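I am opening this notebook to keep a record of what I look up in the structure shown below. The entries go from strands to surface to charged side chains.

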Amino acid sequence: MGMKCIGVDVGGTSVKLGIFETTGELVDKWEVTTRKEEGGRHILADVAASIREKVSSMGLDLKRDVVGAGLGVPGPVMPDGNVEVCVNLGWHNVNPQKELSGLLDGLPVKSGNDANVAALGEMWQGGGKGYGDLVMITLGTGVGGGVILDQKIVAGRHGLGGEIGHIHVREDEKEYCNCGGQGCVEQICSATGIAREARRKMESTDTPSSLRAYGDAVTAKNVLDAAKEGDGLALEVMAVVSRYLGLALSQIALIIDPEIFVIGGGVSKAGQFLIDMVQKDYDHFTPISPNKPKLGLATLGNDAGIYGAARLIL
């Protein structure tokens with residue numbers, strides 16, 4: 001049996017864990033509940049206990065058979081592993097990699113921001129396999145991003161590298177984003193943003209649409225399904241979403257110029273339909289050259305985080 005590595009992806013409701021061969025095959029994956037009470041101080045202890053239990057149930061020895069563990073956390077991570085704040089966990093000024101290492105008898109632990117780590121996972125075993133330079137955009141409840149150059153995460157000096165969701169793209173936005181800005185990519189292209197665009201469109205027009213049956217409960221999935229079926233209003237909403245996403249991608253392409261953009265998150269389940277729409281706008285904003293980053297889909301889904309976390313330690 002070869003050496004193993006462990007990937008830990010800390011989310012607001014659950015912590016996903018995976019044990020991997022160092023070559024990238026997933027051996028086993030499981031979850032523990034994220035206990036957020038008392039400032040989230042039980043989270044890492046729960047993780048450590050769960051890792052110990054799993055490792056011994058597999059007949060492995062932590063010291064002998066495990067190279068280390070990687071940790072993806074929902075917030076900016078400084079180069080030394082310090083985390084100023086993870087709003088969804090209650091963490092303030094902690095060093096989770098140091099703490100987890102201590103709880104696991106000094107096992108090497110490396111940490112990174114969850115979106116950056118997911119990008120690393122897609123590079124290693126997902127939609128970016130075979131590429132050393134990629135940018136991942138996650139279209140979920142929010143919009144996350146990760147920049148990988150030469151197979152390494154570019155987190156930036158302040159942990160702001162890859163915060164694609166907060167690039168300002170729309171001038172006439174009156175509402176505020178969670179970041180305090182107005183007109184962010186996240187306000188338009190996230191699942192939440194797509195639903196909001198649809199509600200606005202329904203209020204401001206009387207175009208008949210199958211979406212009207214959902215009223216204010218309309219979701220991004222409703223919009224994408226209707227757009228695929230040719231619903232006029234849904235297509236108008238997606239034209240807005242696609243335009244601003246294409247704009248953001250063009251700006252990133254002209255700064256970083258990766259080999260490929262990998263699009264993930266729940267919204268990317270729309271698949272090639274979404275890619276084809278965005279491609280048109282992206283091409284419109286990058287007339288400078290046909291030789292530019294490709295657009296592709298993420299393939300690891302919710303497992304991208306554990307894959308990338310495990311890859312951090314190698």
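**Entry 1, a strand and its cover.** I began with strand E11, where five of the five residues are buried, so the strand is largely enclosed by the rest of the structure. By buried I mean under 20% relative accessible area, with exposed set at over 50% and partly exposed in between (1.4 Å probe, protein chains only). Strands (E, at least two residues) and helices (H or I, at least four) are DSSP runs numbered from the N terminus. I then looked at the two faces of E11 and found both covered, with Ile260, Val262 and Gly264 buried on one side and Phe261 and Ile263 buried on the other.

**Entry 2, the basis of the values.** I note that this is a predicted model, in which local features need pLDDT of at least 70 and side-chain atom pairs count only at pLDDT 80 or more, while totals for chains, interfaces and linings use all residues. Residues are numbered from 1 along each chain as its sequence is written, and side-chain values use heavy atoms, with hydrogens and water left out.

**Entry 3, the sheet.** I looked up the sheet that holds E11 and found an open one of five strands, in the order E10-E9-E8-E11-E12 and with mixed pairing. E10 and strand E12 (294–297) stand at the edges with a single partner strand each, so one side of each has no neighbour in the sheet. Two strands pair if DSSP finds at least two bridges between them. Strand E8 (residues 134–139) pairs with E11 (residues 260–264) in the parallel sense over five bridges, and E11 is joined to E12, also in parallel, by four bridges. Going residue by residue, I found Thr138 opposite Gly264 of E11, while Ile137 has Ile263 as its bridge partner in E11 and Ile263 in turn has Leu297 in E12.

**Entry 4, a helix across the sheet.** Helix H10 (residues 272–285) lies across E8, E11 and E12, and runs at about 160 degrees to E12. Contact here means heavy atoms within 4.5 Å; axes are lines fitted to C-alpha atoms, for helices over the stretch in contact, and angles run from 0 to 180 degrees between N-to-C directions.

**Entry 5, salt bridges.** I searched the whole structure and got 17 salt bridges, each being a side-chain nitrogen of Lys or Arg within 4 Å of a carboxyl oxygen of Asp or Glu. Which residues are linked in a network of salt bridges? They are Arg170, Glu173, Glu175, Arg196, Glu197 and Arg200. Within it, the side chains of Arg170 and Glu197 meet at 2.4 Å, N to O. Arg170 lies in the loop between strand E10 (152–153) and helix H6 (185–189), and Glu197 in helix H7 (residues 191–204), so this pair ties together parts that are 27 residues apart in sequence. Arg170 is buried at 7% relative accessibility, and Glu197 is buried at 8%.

Arg200 forms a salt bridge with Glu175, with the closest N and O atoms 3.1 Å apart. Since Arg200 is in H7 and Glu175 in the loop between E10 and H6, the pair ties together parts that are 25 residues apart in sequence. Arg200 is partly exposed at 28%, as is Glu175 at 39%.

**Entry 6, another pair.** I also looked up Arg64, which forms a salt bridge with Asp65, the closest N and O atoms being 3.1 Å apart. Arg64 is exposed at 54% relative accessible area, whereas Asp65 is buried at 15%.
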